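Student: Hi! Could you walk me through this structure? I'm new to this.
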Protein chains: 2
Amino acid sequence: MTQEKPTVVLLTADGVPEPADLAEVRDLTDVRVCTAGTLADTLPGAEILLVWDIFSGALSDAWHAADSLRWIHVAAAGVDALLFDELRESDVLVTNARGVFDGPIAEYVLACVLAHDKRLHETEAFQRAGQWRHRETIRVAGRRALVVGTGGIGRATARLLRAVGMDVRGAGRRERDDDEDFGHVVDSADLAAHLREVDHLVMVAPLTEATRGMLGAPELAALPDGAHVINVGRGELVDQDALTAELATGRLSAHLDVVVVEPLPVGDPLWTLEGAHISPHMSGDVEGWRDTLSAQFLTHLRTWLGGDEPAPAVDKGRGYVSG
Amino acid sequence: MTQEKPTVVLLTADGVPEPADLAEVRDLTDVRVCTAGTLADTLPGAEILLVWDIFSGALSDAWHAADSLRWIHVAAAGVDALLFDELRESDVLVTNARGVFDGPIAEYVLACVLAHDKRLHETEAFQRAGQWRHRETIRVAGRRALVVGTGGIGRATARLLRAVGMDVRGAGRRERDDDEDFGHVVDSADLAAHLREVDHLVMVAPLTEATRGMLGAPELAALPDGAHVINVGRGELVDQDALTAELATGRLSAHLDVVVVEPLPVGDPLWTLEGAHISPHMSGDVEGWRDTLSAQFLTHLRTWLGGDEPAPAVDKGRGYVSG
């Protein structure tokens, strides 16, 4: 009995390198490569969609053409740009790059914590000015971090911050006292109540209707003077205007790897505010990251072709891999 | 029976805050405060010298006046600026700020490692230029560090770098394979032989005749392209001209918290070389550091007044606390 090869649509964008394992994928399936503009023409008859261009939201527009789609793999941690109601209500399986970015982003967060407490950016500014200016720094051991988001990346971050002696808690959907990585997890729906004793606030929650704007003006106001915000999740988790206003006063500072509009528009005050440290959505992208994403898809594909569902699935109602 | 209070000479400098515990020290002893210029006039009859101005080398000039001196406490980790032959040959006990800087400097080293591997300085430069430029970073877990110096600071550094998953070895006076903090320790007298597979080289050895210039042109040449040098020990551990030449080619980069002449002279190329990150001898100076130093002296003083010797003593022959 000969079985027909399933079709994989590879959704990418101009200038994005192709998956390192594409030859193997081609051996196992019929691959059609497209970009957002040609997705609707490419989807009919395809069972599998690999969203390789991680910022694409093109599927919603092309959904009418997805007549055979059964599985979508998104080569990214966040699936917020992908999801829409018809997909949520369908039986199509969605998987993501779970695990790939956990360690890299945790390290990036620790880098931001240490840069802040050891005043590295200020020291560089003095060097540029030719000034030898001794200052005291802050002991990181014992500093208080709140990690908002208790998925894989948040957990890896909590473990790493604990490993250097920080006092770490989590914020998630369910308050609890016995979490293996966080110990205490506070209710993220009541975030403002838990910010008064936070030195480093780490935003790493998935973007959903429940988390959009969760760090707004009231929450920012609840942070103590000198607190440091790190956003490695999604720009829309934060009320960016409110944060910009706090940074402008000098009361808070921030490392923002994500912003509401990317690239950050020319002229945005975040480019030049002294306490705003902007990076271009790169916190998890360590050397070899695309190869790791490619290998993860290939592993999942083999599982699929063997008749099993790749796991874990994204909970499309919640907008992330749950539990 | 009334016992006379011993005299403590407090050697400080203009603009340096006095010890927080000075009132308690005055209760226990007769305190005479002086600076380098008045040390010789102040020393006669004094049993104890507290070197509170950590960069002072004044004692050598005033040694003839040290007619009753039995104990010197240096409120610093390195005693290289204090030691001279007559002191080495005398019975005067020397103690230092052992332990105070271990954790803070270890954190500073980790900050430098992460700033390098996560390309934070480059990201700041792109931000200043208004450029949104995605780049890949380096996974810190698995990176290879060699910590040159196996005293308390080196050990704390090794433990912290290991805690974030780095592959750490030490370099010290005695090669061994069973060190509790380093695992493998290579012979620092043969440093060049052990540098070919080092990503981060951490200089934290005491400055002695054996270690002066230990990182010279041959050693620097042995480091692989892209290696990163962190010096939190003493500037003279490194052949600064040779390092400057390597930085100028872009082959290596460095975080230097210490340099040969401090402050770094105006016009020195290290001020402006892209791969040279200069900080003004502050790696261990966390908020409260002077209070910690003061409390350490007070504890030692009480031990002394109780008839015991504060410990551990500096091995004056070697130039550091040994073993």
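Tutor: Happy to! A residue counts as buried when its relative accessible area is under 20%. Keep in mind that this is a predicted model.

Student: Okay, so what share of chain A is buried?
Tutor: Buried residues make up 58% of the 323 residues in chain A.

Student: And how many helices and strands does chain A have?
Tutor: Chain A has 10 helices and 13 strands.

Student: What is the radius of gyration of chain A, and what would a compact globule have?
Tutor: Chain A has 21 Å, and this agrees with a compact globule, because one with 323 residues would have a radius of gyration near 20 Å. Along its principal axes, the C-alpha trace of chain A spans about 75 × 45 × 30 Å.

Student: New topic: how many aromatic pairs are there over all chains?
Tutor: The count is eight aromatic pairs over all chains. In one of them, B:Trp63 and B:Phe84 meet edge-to-face, 5.3 Å centre to centre with 80 degrees between the planes.

Student: Which parts of chain B does that pair tie together?
Tutor: B:Trp63 is in the loop between helix H3 (59-62) and strand E4 (71-74), while B:Phe84 is in the loop between E4 and helix H4 (85-89), so the pair links parts 21 residues apart in sequence.

Student: Is B:Trp63 buried or exposed? And B:Phe84, buried or exposed?
Tutor: B:Trp63 counts as buried at 18% relative accessibility. B:Phe84 is buried too, with a relative accessible area of 8%.

Student: Which residues form an aromatic cluster in chain A?
Tutor: A:Trp71, A:Phe297 and A:Trp304 form one aromatic cluster.

Key: Residues numbered from 1 in each chain as written. Chains lettered and ligands numbered in written order. Predicted model: local features only at pLDDT ≥ 70, side-chain atom pairs only at ≥ 80, totals over all residues. Heavy atoms only, no water. Phe/Tyr/Trp six-rings, centres within 6.5 Å; stacked < 30°, edge-to-face > 60°. Helix = DSSP H or I, 4+ residues; strand = E, 2+ residues; numbered from the N terminus. Buried < 20%, exposed > 50% of the residue type's maximum accessible area, 1.4 Å probe, protein only. Rg over C-alpha atoms; globule rule 2.2 N^0.38 Å.
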